[in-house]
Amino acid sequence: MSEAQLLGAGYTWQELSVGQRFRTFRRTITETDIINFVSVTGMLETIFIDRTFSHGAMKGRPAPGGLTYGLIEGLLMQGMVQGTGLALLEVHKKMLHPVVAGDTVWAEVEVTAIKPTSKNNRAVVTSRIDVKNQDGVDVMTYTAVRMLAGERH
């Protein structure tokens, strides 16, 4: 396991520092999660709805990358930016390894930049998020740029 801190409540930008690291809780992706996600998004691609389609490329029902990303962002909302996140400004994602029903995902987060704005006690905070599965395999990496609130007075 990583030495990163477990996320709790949202952080103001002043409570963060470049190089600070966190880890999220874990979340097992279920068959129901996949079906609900592809149904609500209209992502009814054959690989997600036909169990026989993969032609042996992978075992199990694959989860769309958007689902994995959304679940990790949800874990981050519940901890790192709960109550302090003002806007998601930019995201750059790279999928590294398939995720299938039954996999358990979690993420390590590293704050890579903090740039205070000129007004309203806010800052633009950049983080690198490395998403891993139950075996510690990197399945996705992304950079997120967010606007975070400052200390409450």
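**Exercises on strands, salt bridges and a cavity**

Strand β5 (residues 104-116) and strand β6 run antiparallel and are joined by 10 bridges; strands here are DSSP runs of type E with at least two residues, helices are runs of H or I with at least four, both numbered from the N terminus, and two strands pair if DSSP finds at least two bridges between them. The model is predicted, and local features need pLDDT of at least 70, side-chain atom pairs count only at pLDDT 80 or more, while totals for chains, interfaces and linings use all residues. Residues are numbered from 1 along each chain as its sequence is written, and side-chain values use heavy atoms, with hydrogens and water left out.

**Exercise 1**

Describe how β6 is placed between its partner strands, and state how far it is enclosed.

Solution. Begin with the β5 side, where lysine 115 stands opposite valine 124 in β6. The two strands form a hairpin with five residues between them, and in the turn asparagine 120 has a positive phi of about 65 degrees.

Next, turn to strand β7 (residues 138-149), which runs antiparallel to β6 and is joined to it by 11 bridges. Here arginine 122 stands opposite alanine 149 in β7. The hairpin of β6 and β7 also has five residues between the strands, with glycine 136 taking a positive phi near 80 degrees.

Finally, consider burial, where buried means under 20% relative accessible area, exposed means over 50%, and partly exposed lies in between (1.4 Å probe, protein chains only). Eight of the 11 residues of β6 (residues 122-132) are buried, so the strand is largely enclosed by the rest of the structure.

**Exercise 2**

For the salt bridges of arginine 21, aspartate 33 and arginine 61, find the partner of each and decide whether the residues are buried or partly exposed.

Solution. Side chains of opposite charge can pair when their charged atoms come close. A salt bridge is counted when a side-chain nitrogen of Lys or Arg lies within 4 Å of a carboxyl oxygen of Asp or Glu, and the structure holds seven of them.

Arginine 21 pairs with glutamate 108, their closest N and O atoms being 2.8 Å apart. This pair links distant parts of the chain, since arginine 21 lies in strand β2 (residues 21-23) and glutamate 108 in strand β5, 87 residues apart. Arginine 21 is partly exposed at 33% relative accessibility, whereas glutamate 108, at 13%, is buried.

Aspartate 33 meets arginine 27 at 2.7 Å, N to O; aspartate 33 is buried at 17% relative accessibility, and arginine 27 is partly exposed at 28%.

Arginine 61 meets glutamate 31 at 2.5 Å, N to O. Arginine 61 is buried, with a relative accessible area of 10%, while glutamate 31 counts as partly exposed at 27%. As a last step, note that salt bridges with shared partners join Arg21, Glu108 and Glu110 into one network.

**Exercise 3**

Work out which residues line the largest cavity, and which strand supplies the largest share of the lining.

Solution. On a 1 Å grid over the protein atoms alone, a cavity is a set of points where a 1.4 Å probe fits but cannot get out, and lining residues have an atom within 4 Å of a point. The lining of the largest cavity consists of Arg21, Glu108, Val109, Glu110, Arg128 and Asp130. The largest share, three residues, comes from β5, and β5 and β6 each supply at least two residues.

Technical notes: 1 Å grid on protein atoms, 1.4 Å probe; cavity = no way out; pocket = protein on both sides within 12 Å on 5 of 7 lines; lining within 4 Å.
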